[in-house]
Structures are given as structure tokens and as C-alpha cells.
Amino acid sequence: MIHAQLADGTDIVVRPVRPEDKPLLVAGMARLSDRSRRQRFLVSTDHLTRSQLAYLTEVDQRDHHAWGVLANGEPVAIGRLVRLDDDEGEVAITVLDDWQGRGIGEILVQHLAGLAREAGIKRLIFVSLPENVGIARLLARFEKISKTEDGLVTTTIETTSVAPPAFAAGVR
Ligand SMILES: CC(C)(COP(=O)(O)OP(=O)(O)OC[C@H]1O[C@@H](n2cnc3c(N)ncnc32)[C@H](O)[C@@H]1OP(=O)(O)O)[C@@H](O)C(=O)NCCC(=O)NCCS
């Protein structure tokens, strides 16, 4: 478990996702706007199926890392890194709408990049919709390569180009 602070002074906790977190994901999904759900899942989705919930929470934290962010004890974001092969891992991040634009996405990218480096993963892959301004702005902070194919944007970041999060010194 990691304690960190957002630029606005809000204290947050970043912790691994556990199988018993399923109700938190269901509640988070209900609070997420249609736009954010579509941006996260790339298609319109109004609820998570049992198998999706199992996939998203029953992770080995080795080839599939999933970390949740809590503020004031309430879950506000989740980020995951799924190994694709020896060198690459796909990242997906969801921040509740009220919490977007406050720096949580950047903290999660930095944290997941650190886990990727420890696992020998060299590149992070993000797949997004072309109209997703939030992820484009977030990833613009890193050295990246983007390509658009079949209506989806794939962005690749070298893990070595991502600075450790500010909390890294006191981590774990
Ligand atoms: C994309 C997302 C993960 C970014 O996380 P975040 O916590 O908002 O990111 P940060 O606060 O670190 O901000 C990163 C940048 O995105 C911008 N941003 C964040 N949300 C935004 C939004 N809804 N609209 C426009 N810009 C947005 C911020 O202003 C900031 O830009 P700046 O550096 O030019 O000021 C988050 O907006 C989100 O969960 N979106 C819905 C799901 C999604 O798109 N997931 C990505 C799939 S990989």
C-alpha cells in the first residue's frame, strides 16, 4: 500500500486490487459517465459481466498487475498492466469523472511503468479512441509513438522514459 498526495493536497492510497474488490468495481462503474466507460472499454458498456469482473479483480500481480486508488476511503481510480509478451505490456486506466484532471492518471502511469521495469517490460501500450483527449494529454507528457489503425489509436511509451512517481522513495 502506498500513500501519496495530489497537487491539490488530497491524500490518496494506491493499493493492489483484490478479488473481494468486485463490489467496488461495480459501484465505480455505476458512477462513471457513459463517455468515460466508452473511452475505457472502447465500446458502449453499461455494466461489467461476471467474467469481466473476475478478469479485472482476480489478478496474479505478476503478468497482470491491477492497482486501485482511494481518496477519503472511497475508490476513485484503477489502473492495470497486462503483459502482452516479453517486452510489452498493455496499460488501461480509469479515473472517475469527478477526479479526472487532478494528476491520478499520471501517478498510475508512473507506478505501472515502475512495475513494468521490475518485470523486464520495456514498452507500455495504450489503446484509445481518437476522440479521447484526456489520455492524449496525459501521454503527451512522455516520449511516445502513436499510430491510428482501424479507428483506434495505439500509443507506445518506453518504460525507461517514465520518471518514478514522487512517492517512490517510500514505496512498499
Ligand atoms: C484518461 C484518464 C485515464 C486520464 O487520467 P487523469 O487522472 O484525468 O489524468 P491527469 O490528471 O494526470 O491529467 C492528464 C491530462 O489529461 C487532461 N484530462 C484529464 N481528463 C480530461 C478530460 N475528461 N477531458 C479533457 N482533458 C482531460 C488533464 O487536463 C491533463 O492535461 P494537461 O496536462 O494538458 O493539463 C482519465 O481521464 C480517464 O479515466 N478517462 C476515462 C477512461 C479512459 O479514457 N481511460 C484510458 C484508456 S487507456
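User: What do the buried residues of α1 pack against?

Analyst: They pack against α3 (50-57) and β4 (74-83), where a contact requires C-beta atoms, placed from the backbone, within 7 Å of each other. The model is a predicted one, in which local features need pLDDT of at least 70 and side-chain atom pairs count only at pLDDT 80 or more, while totals for chains, interfaces and linings use all residues. Residues are numbered from 1 along each chain as its sequence is written. The helices (H or I, at least four residues) and strands (E, at least two) are DSSP runs, numbered from the N terminus.

User: Which residues of helix α1 are buried, and what puts them on the same side of α1?

Analyst: In α1, which spans residues 22-31, the buried residues are Leu25, Gly28 and Met29. These three cover an arc of only 100° around the axis, and therefore lie on the same side of α1; the arc is taken from the directions that lead from the helix axis to the C-beta atoms. An α-helix has 3.6 residues a turn, so residues three or four places apart point the same way. On the face turned away from the buried side, α1 carries the exposed residues Pro23, Val26, Ala27 and Ala30.

User: Why is Lys122 called partly exposed?

Analyst: A residue is buried with 20 or more other C-beta atoms within 10 Å of its own, exposed with 12 or fewer, and partly exposed in between. Lys122 has 14 C-beta neighbours inside 10 Å, and therefore counts as partly exposed. Lys122 belongs to the loop between α4 and β6 and, leaving aside its neighbours within four places in sequence, is in contact with Asp87, Glu158 and Thr159. Between the C-alpha atoms of Lys122 and Asp86, which are 36 residues apart along the chain, the separation is 8.4 Å.

User: What makes β1 and β7 stand at the edges of the sheet?

Analyst: The sheet is open, has eight strands with mixed pairing, and follows the order β1-β2-β3-β4-β5-β6-β8-β7. In that order β1 (2-5) and β7 (144-149) each have a single partner strand, so one side of each is left without a neighbour in the sheet. From one strand to the next the twist averages 25°.

User: How do you know that β4 and β5 pair, and in which sense?

Analyst: Pairing asks for at least two bridges found by DSSP; β4 and β5 have seven, in the antiparallel sense, with Gly79 opposite Ile93 in β5. β4 and β5 form a hairpin with four residues between them. With β6, β5 pairs in the parallel sense over three bridges, and Glu88 stands opposite Arg123 in β6.

User: What makes β5 count as mostly covered?

Analyst: Six of the eight residues of β5 are buried, and on that count the strand is mostly covered.

User: Which element gives the largest share of the shell around the ligand?

Analyst: That element is α5, with five residues. Of the 22 residues around the ligand (C-beta atom, placed from the backbone, within 6 Å of it), Gln39, Gln100, Gly105, Gly134 and Arg137 come nearest. Elements giving two or more residues to this shell include α2 (34-41) and β5 (88-95).

Definitions and conventions
Two residues are in contact if their C-beta atoms, placed from the backbone, lie within 7 Å. Axes are lines fitted to C-alpha atoms, for helices over the stretch in contact, and angles run from 0 to 180 degrees between N-to-C directions.
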